[in-house]
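Q: I should like to go through this model with you, one topic at a time. Could we begin with the sheets?

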Amino acid sequence: MAFPERFSNLPDYAFPRLRKLLDVHPAGGEPVAMTIGEPRHPMPAFVGEVLAANLSGFALYPPNDGTPELLAAISGWIARRYGATLGPDRIMPLNGTREGLFDACMALCPETKGGKRPVVLMPNPFYQVYAAAALSVGAEPVYVPATAATGFLPDYAGLAPDLLDRVAVAYLCSPANPQGAIASRDYLADLLSLAERHGFVLLADECYSEIWRDAPPPGALQVAAETGADPERVAVFHSLSKRSNLPGLRSGFVAGGPQSIARFRQLRNYGGAPLPLPIQRVSERVWSDEAHVDENRALYHEKFRIADQVFSGLQGYRTPEGGFFLWLPVEDGEAAALKLWRETGVRVLPGAYLARDVGGDNPGKGYIRVAMVAPREEMQRGLISLRDCLYG
């Protein structure tokens, strides 16, 4: 039987790959999971009440484009958070942002650009869905280093002009997964200007936007509104998973120009799965409440205060500006993860599993990613074990 070749060069996804590395060895202590970015803080207390009050909605086909109330709640949150005014024709709810980030290429990437194969830019390392999305439409993924030398954000403007002319889509994650770097307003304004000059769409993955240390990160919608950028040049993606500790709700949204959202909706009418109506009702309430978000952020502030104490004086350690990952330097991430598991039971992700080799170099090889999602005491115990095992 013949199978498509377009995904043949994709490596195993990070977590199956990690299981192959670690699970053939016994844990060297009580396991502490610090791999996957699955929030474990309390979800908002009202979620169960709202869900129970709307259980009858599971008996109905849900509206594909979202309820008017959900669209209004999302629009209201965007206005409060970013000062941008968006009508319902510029917003579409999603079954989590993975769906939207993948479908974006199918909805927005043309078959050719200037008569040539289109290019999709992404930072390296990156959320692995970006690469699969590019390959799904026959585009060429180009992995742009996001290292200490570039402030852990990709320098798209430094690419050759002839390559930029082939770019159809560029992904950006801010705060970045895994490094926690935040794109400044000037960075976003310059990137939107670059998109206009070379005719591509910026896909801004802002799923960690509400977990920050010092100040709320600027957003692409905010900067586009302030600079008067063409609204069709940017689509942003947000989720309740990290903001509200609801990864199992699978609820997010994409917002962009009306033509872009119309293409998303057309694609979803054929191949998408709308959010069940009770989930939409819960989401309406969650997007309208900020008290639980402030409480959640305070818990992360305390965790990073602990991390700063544990790793005080460690060369190369930096407190991330946003998100809930540590991006820790090691000699070899895979070897470090294996040593840590076998000697302590602490489970982390090798940075190379989040990046690609380009010219024989993998910018994630000398790092491990540590998710700060476990309960505080468990997390602190894991960090101390990690420090003593790898840096002691």
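Q: In which sense do strand 11 and strand 12 pair, and over how many bridges?
A: In this predicted model, strand 11 and strand 12 (residues 367–371) pair in the antiparallel sense, over two bridges. One residue pairing can be named: proline 350 has isoleucine 368 of strand 12 as its bridge partner.

Q: What packs on that sheet?
A: Helix 14 (residues 376–390) does, touching strand 9 and strand 12. The direction of helix 14 makes about 165° with that of strand 12.

Q: And what is the strand order there?
A: The order is 9-12-11, in an open sheet of three strands with antiparallel pairing. Strand 9 (325–329) and strand 11 (349–350) each have a single partner strand, so one side of each is left without a neighbour in the sheet.

Q: Next, the seven-stranded sheet: what is its order?
A: That open sheet has the order 2-8-7-6-5-3-4, and its pairing is mixed. Strand 2 (91–94) and strand 4 are the edge strands, each pairing on one side only. On average, neighbouring strands are turned by 20° against each other, direction ignored.

Q: How do strand 3 and strand 4 run, and how many bridges join them?
A: Strand 3 (residues 119–124) and strand 4 (residues 140–145) run parallel and are joined by six bridges. Methionine 122, for instance, has tyrosine 143 in strand 4 as its bridge partner. With helix 5 (residues 129–136), the two strands make a right-handed β-α-β unit.

Q: Strand 5 next: is it largely enclosed or exposed?
A: Seven of the seven residues of strand 5 (residues 167–173) are buried, so this strand is largely enclosed by the rest of the structure. Strand 5 pairs with strand 3 in the parallel sense over three bridges, and alanine 170 in strand 5 is the bridge partner of leucine 121.

Q: What about strand 5 and strand 6, how many bridges there?
A: Five bridges join strand 5 to strand 6 (residues 201–205), and the two run parallel. Tyrosine 171 has leucine 203 of strand 6 as its bridge partner. Between the two strands the chain passes through helix 7 (residues 185–198), in a right-handed β-α-β crossover.

Q: Which strands does helix 4 lie across?
A: Helix 4 (residues 96–108) lies across strand 2, strand 3, strand 5, strand 6, strand 7 (234–239) and strand 8 (252–256). Relative to strand 7, helix 4 runs at about 160°.

Q: Turning to the interior, how many residues has the largest nonpolar core?
A: The largest nonpolar core has 66 residues, and Leu121, Tyr156 and Trp287 are among those with the most contacts inside it. Helix 3 (residues 68–82) contributes the largest share, seven residues.

Q: What does leucine 121 touch?
A: Leaving aside residues up to four places away in sequence, its contacts include Val142, Val144, Tyr156, Leu159 and Ala170. A second, separate core of 30 residues includes Cys105, Val169, Tyr171 and Cys173.

Q: Finally, aromatics: how many pairs does the count come to?
A: The count comes to 17 aromatic pairs. Phenylalanine 324 and phenylalanine 325 form one that is edge-to-face, at 4.9 Å centre to centre and 65° between the planes.

Q: Are those two buried or exposed?
A: Phenylalanine 324 is buried, at 0% relative accessibility. Phenylalanine 325 is buried too, with a relative accessible area of 3%.

Q: Which residues form an aromatic cluster?
A: Phe126, Tyr127, Tyr130, Tyr143 and Tyr171 form one.

Methods. Residues are numbered from 1 along each chain as its sequence is written. This is a predicted model: local features need pLDDT of at least 70, side-chain atom pairs count only at pLDDT 80 or more; totals for chains, interfaces and linings use all residues. Side-chain values use heavy atoms; hydrogens and water are left out. Two strands pair if DSSP finds at least two bridges between them. Helices (H or I, at least four residues) and strands (E, at least two) are DSSP runs, numbered from the N terminus. A crossover is right-handed if, with the strands pointing away from the viewer, the path from the first strand over the helix to the second runs clockwise. Contact means heavy atoms within 4.5 Å. Axes are lines fitted to C-alpha atoms, for helices over the stretch in contact, and angles run from 0 to 180 degrees between N-to-C directions. A nonpolar core is a set of buried Ala, Val, Leu, Ile, Met, Phe, Trp, Tyr and Cys residues joined through side-chain atoms within 4.5 Å. Buried means under 20% relative accessible area, exposed over 50%, partly exposed in between (1.4 Å probe, protein chains only). Rings of Phe, Tyr and Trp (its six-membered ring) pair if their centres lie within 6.5 Å; planes under 30 degrees apart count as stacked, over 60 as edge-to-face and the rest as tilted.
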